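Colleague: I am new to this structure. Please take me through it, one question at a time.

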Amino acid sequence: MPIHEKELIRPEDLRTHEQLTVDGVDVSGHWSTFIRSRVVTDYNEAMQEEVAALPGGEFIHRCWQCGSCTNACTVNAVNPDFNPRFWIYLVRMGMEAELLRDKDIVWQCVSCNKCTHICPRDVNPEGVMKAISHWLELKGHTPKSPAMVFDEVFSDQVIRRGKIEDGRTIRRFFARTGQALQQDWLIEMAKRLVRHLPIGLLARLGFSAAIAPRTRDWSRARAAIEEYVQAEHAAQRSALGLDAPDSPATTREGA
Amino acid sequence: MNDSILIVGGGPAGLAAAHALARVGRHSVLIDKAERLGGAPILSGYAKLVPSGEWAKDAIGGMVERVRGDSLVEVHTGATVRSFDGSPGDFTAQLSDGATVRAGAAILATGFTHFDSLNKPEWGFGTFPDVVTTTQVEQMISSGRGVRCPSDGRKPQRVAILLCVGSRDRQIGREWCSKICCTVSANLAMEIREELPDCHVYIYYMDIRTFGLYETKYYWRSQEEFKIKYIKARIAEVTSDGTKLIVKGEDTLVKRPVTIPFDLVVHAIGMDPNLDNKTIASTFGVELEPHGYLARRNTYGNMAETTRAGVFVAGAATGPETIDDSIGQGHAAALSALGSLGAAKATA
């Protein structure tokens, strides 16, 4: 029969000694198997409000913990630790330390929305997963994921120019994620492009890469979009009790 | 042969029965041991009723007015029945105020008694002034004083409502579900949030039984509109750290113990059988069912029969009951009593 208490030993506390002898006695094996106090001594009532202030998290307060989301979950099927029902509860009751133990898997949600379609209360658990990931990132608990960096590079360009220039997107993405531009697969792709593309198309590619054209009369659209994005970010950061966001001049520099 | 009907108890069920009989031109004698008519909703000062949202003093007070102004209803308050003899069609009751009542049938609408929280000392009632009952919160609201901590009159920042206090508890011989406390608690939680929007309200439950259509209006609405938090935990004990109440239990959904500070703890008290039920049973010669409520002879065939012919029962005297169902049962008992008089007449 499995020993329930073993689940309560935190792996981060464990010390393992393959060979340990003290005063001639062999004491090899696991040490520090104490179970820390698991008593919840207060509710952090701000946490639910903060997650609810982020896009997708609006309906988290509706959850009545039936577990339909976790049952339906694609990721849970391969990783039983991925438990939307549980995280929704931790956020609702403000059990922040407990949530942080899972901070590195929350973002694994693949947005299949099976949970959204099965939820009897329209909690929109997929949106809540996004909001929780976003919350963890804004609070500085998790670094920006490469996917997030890519999204930013991509949307910064669109906002600035109304157009995408692929070469620029790739260069900036590699630069921001600290990856080398001279990658074998990229060099090979460039070689083949040069070899096989019609000369006219190549010329246009080169032209775009060189001067990065923008959509005609884009400046007013850009101003409107920037204003909206800035207001949204400011609202989110203030809901989370964080400082004002960086100015667009620094974040969009050279996009 | 006597055509009058004796009604014992002037709460919602008794008032409904008296009114129904008057509507068909039948004389009744309505007696209540309290000095006022209205039963628990009036005597205990309930606030807004489930499910209409009307104030008890208007809704039930209106029923009292209607009966008080009816010449076909003879009212005796501050009176109990000392003895009850005879047979269907011809009963005689001696009242404690010296009056003698002759009646062809009787309706027992003797109601219930609120659970006394002193019987669950581990939950702090009677030890800590800021542990109160749902009835007290009803009174805070209905009196217009608002929900405050009795110890110092401050507005609570965080309130815990403990469900099933005096219900579903074999330790204290109360196995029944009191039926209304979940809905009443959700209703009160919303009223607290309405008056004190900065106050957080938590409901500690074993199951939520906001049955039927109350699901939408109370359980869902309390969460979706009022952000009441429901926590599946039966609280082990309520103590104090000197400034706040400390609620201890196990949050069963995360399998973790909780010791959470609260300003105000509310017991959602259940419905006990009327304390007088043994006296009532012996005076009227009717039987009690195993929990101590008045037994009904028949579930489907004839409504409201007790184990004694010509004596009927309605409302929370038969078990935990809602106000609107008690009123319906009062009407059913009135009709059954009328029918029994017809039958008695035919055999006379």
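Colleague: What share of the area that chain A exposes do carbon and sulfur atoms supply?

Modeller: First, the ground rules. This is a predicted model, where local features need pLDDT of at least 70, side-chain atom pairs count only at pLDDT 80 or more, and totals for chains, interfaces and linings use all residues. Residues are numbered from 1 along each chain as its sequence is written, chains are lettered from A and ligands numbered from 1 in the order in which they are written, and side-chain values use heavy atoms, without hydrogens and water. Chain A exposes about 15500 Å² (Shrake-Rupley method, 1.4 Å probe), and the share from carbon and sulfur atoms is 56%.

Colleague: And for chain B, what part of the accessible surface belongs to carbon and sulfur atoms?

Modeller: The accessible surface of chain B is about 14200 Å². Carbon and sulfur atoms hold 50%.

Colleague: What is the radius of gyration of chain A?

Modeller: The radius is taken over C-alpha atoms, and the globule rule is 2.2 Å times the number of residues to the power 0.38. For a compact globule of 255 residues, the value would be near 18 Å. Chain A has 24 Å.

Colleague: Why is chain B called as compact as a globular protein of its length?

Modeller: Chain B has 348 residues, for which the globule rule gives 20 Å. Its own radius of gyration is close to that, so it counts as compact: the value is 22 Å.

Colleague: What percentage of chain B is buried?

Modeller: Buried means under 20% relative accessible area, with a 1.4 Å probe and protein chains only. In chain A, 33% of the 255 residues count as buried. For the 348 residues of chain B, the figure is 56%.

Colleague: Which residues touch the most other members of the largest nonpolar core?

Modeller: Such a core is a set of buried Ala, Val, Leu, Ile, Met, Phe, Trp, Tyr and Cys residues joined through side-chain atoms within 4.5 Å. The largest has 53 residues. Among the elements giving it two or more residues are α4 (84–93) and α7 (125–138) of chain A and β11 (200–205) of chain B. The residues asked for are A:Trp87, A:Ile132 and B:Tyr204.

Colleague: Which residues does A:Ile132 contact, leaving aside neighbours within four places in sequence?

Modeller: Contact means heavy atoms within 4.5 Å. With those neighbours set aside, the partners of A:Ile132 are A:Val51, A:Trp87, A:Val91, A:Leu99 and A:Val106.

Methods
Buried means under 20% relative accessible area, exposed over 50%, partly exposed in between (1.4 Å probe, protein chains only). Helices (H or I, at least four residues) and strands (E, at least two) are DSSP runs, numbered from the N terminus.
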